[in-house]
Amino acid sequence: MVSRVLFVDDEQNVLSALRRTFHGEFELETAENAVEAMRLFLDGERFAVMVTDMDMPAVNGLQLLEQVRKHSPRTCRIVLTGKPNADAATQLLSDGLVFRYLLKPCTPAKLRDIIREGIVSYEQANRRNNNARHFDTPAAESRHARQTQVYRLRNGDEVAASVLDRDGRVLVTSGTVLDQDLLSKLRKLLEEGRIGENLTIYSTH
C-alpha cells in the first residue's frame, strides 16, 4: 500500500520540485497554503505524513501544525523551512508538535529517509490504536486511558488532582502546572507502570 504524503508550501517551484522528486514513491498531495491543507483534513482526507513550510501568508505553519494535531493526531508532522529558528525548533520538538524540523535546502535523500521514518511512526500509531479497541480487562482499558492522557499533555497543563503511585505516594501534587521536566517524569513513570489509577488533568490549551 502506497502511503499518502501531503506537502504544504506557498512557493509553487518548491511544490513542483517535490512532486518531481518523489513521484512514484509516495501518493502525493500538495497544498499552496495552510487553509487549503486544513480543508483537506476537514474533508476527511487522511495522510501518513505532512511536510509543511512555516512562513506562509494568512495562516502560518505553526497554526496548521496545531490544527492537524487536533484533527488528525496520528499524522506525522514534519517542518521544512528556509527560515530557521533554533528556539522555535526546540519548542516544537519538545512539545511533540513536530516529528522532525528540517531546513531548506534539504537533500532529497535526507527528506526521503525522514518521510519514511514518519510513515513507520504513523503505521505504529495506527496499530496501537487498533489494539486499544480490543481490551482483555477493565484494567487494560484504564491503563490505556492513562497512557492516552499522559501523552496528550503539554507544557502549562494543570494537574487537577494529585497523581499517586501504586502504593499511594504522591508523585505530583494537585494544582501543579506542568513543565517539560514534569512531563518527562510522568511519561517515564507511566512506562514503568508506576502511576496509579487516578490521573486528572485540566488542559489550559
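**An exposed alanine, a five-stranded sheet and its helices**

Alanine 58 sits out in the open: its relative accessible area is 79%, so it counts as exposed, the cut-off being over 50%. This comes from a predicted model, as does everything below. The backbone of alanine 58 also has a twist worth a look, since phi is positive there, at about 65°, although the residue is not a glycine. As for where to find alanine 58, look in the loop that runs between β3 and α3.

Stepping back to the whole chain, there are 205 residues, and 39% of them count as buried. The chain has seven helices and nine strands. Take the contacts in the chain with a separation of 6 or more: 59% of them come from residues 24 or more positions apart. The accessible surface adds up to about 11,500 Å², and carbon and sulfur atoms own 49% of that.

Now for the sheet. Five strands make up an open sheet, and reading across it gives the order β2-β1-β3-β4-β5, with parallel pairing. At the edges stand β2 (27-31) and β5 (100-103); each of these has a single partner strand, so one side of each goes without a neighbour in the sheet. On average, neighbouring strands here are turned by 20° against each other, ignoring direction. In general, the strands of a sheet pair through backbone hydrogen bonds, and they can do this in a parallel or an antiparallel way. One pair in this sheet is β3 (residues 49-52) with β4 (residues 76-81), which run in the parallel sense and share four bridges. Within that pair, valine 49 has cysteine 76 of β4 as its bridge partner.

Helix α2 (residues 34-42) packs on this sheet, where it touches β1 (4-8), β2 and β3. The direction of α2 makes about 155° with that of β1. Which residues of α2 are buried? They are Ala34, Ala37, Met38, Leu40 and Phe41. Around the helix axis these cover an arc of only 150°, which puts them on the same side of α2. What do the buried residues of α2 pack against? Their partners are β1, β2, β3 and the helix α3 (61-71). Both ends of α2 have a detail to point out. At the start, asparagine 33 brings a side-chain oxygen to within 3.2 Å of the backbone nitrogen of valine 35. Just after the helix comes glycine 44, with a positive phi of about 95°.

Helix α1 (residues 12-22) has a buried set too, made up of Val14, Leu15, Leu18 and Phe22. Looking down the axis of α1, the buried residues fall within an arc of 95°, so they line one face of the helix. Turned away from that buried side is a face carrying Asn13 and Arg20, which are exposed. After α1 comes glycine 24, and its phi is positive, near 90°.

One last backbone feature turns up past the edge strand β5. Lysine 104 and proline 105 are joined by a cis peptide bond, with omega at about -5°. Proline 105 has its place in the loop between β5 and α5 (108-132).

Key:
Residues are numbered from 1 along each chain as its sequence is written. This is a predicted model: local features need pLDDT of at least 70, side-chain atom pairs count only at pLDDT 80 or more; totals for chains, interfaces and linings use all residues. Side-chain values use heavy atoms; hydrogens and water are left out. Two strands pair if DSSP finds at least two bridges between them. Helices (H or I, at least four residues) and strands (E, at least two) are DSSP runs, numbered from the N terminus. Axes are lines fitted to C-alpha atoms, for helices over the stretch in contact, and angles run from 0 to 180 degrees between N-to-C directions. Contact means heavy atoms within 4.5 Å. Buried means under 20% relative accessible area, exposed over 50%, partly exposed in between (1.4 Å probe, protein chains only). The arc is that of the directions from the helix axis to the C-beta atoms. A polar contact is a pair of N or O atoms within 3.5 Å; within protein, one must be able to donate a hydrogen and the other to accept it, and residues adjacent in sequence count only if both atoms are side-chain atoms. Accessible areas come from the Shrake-Rupley method with a 1.4 Å probe; for residues, only the protein chains shown count as cover.
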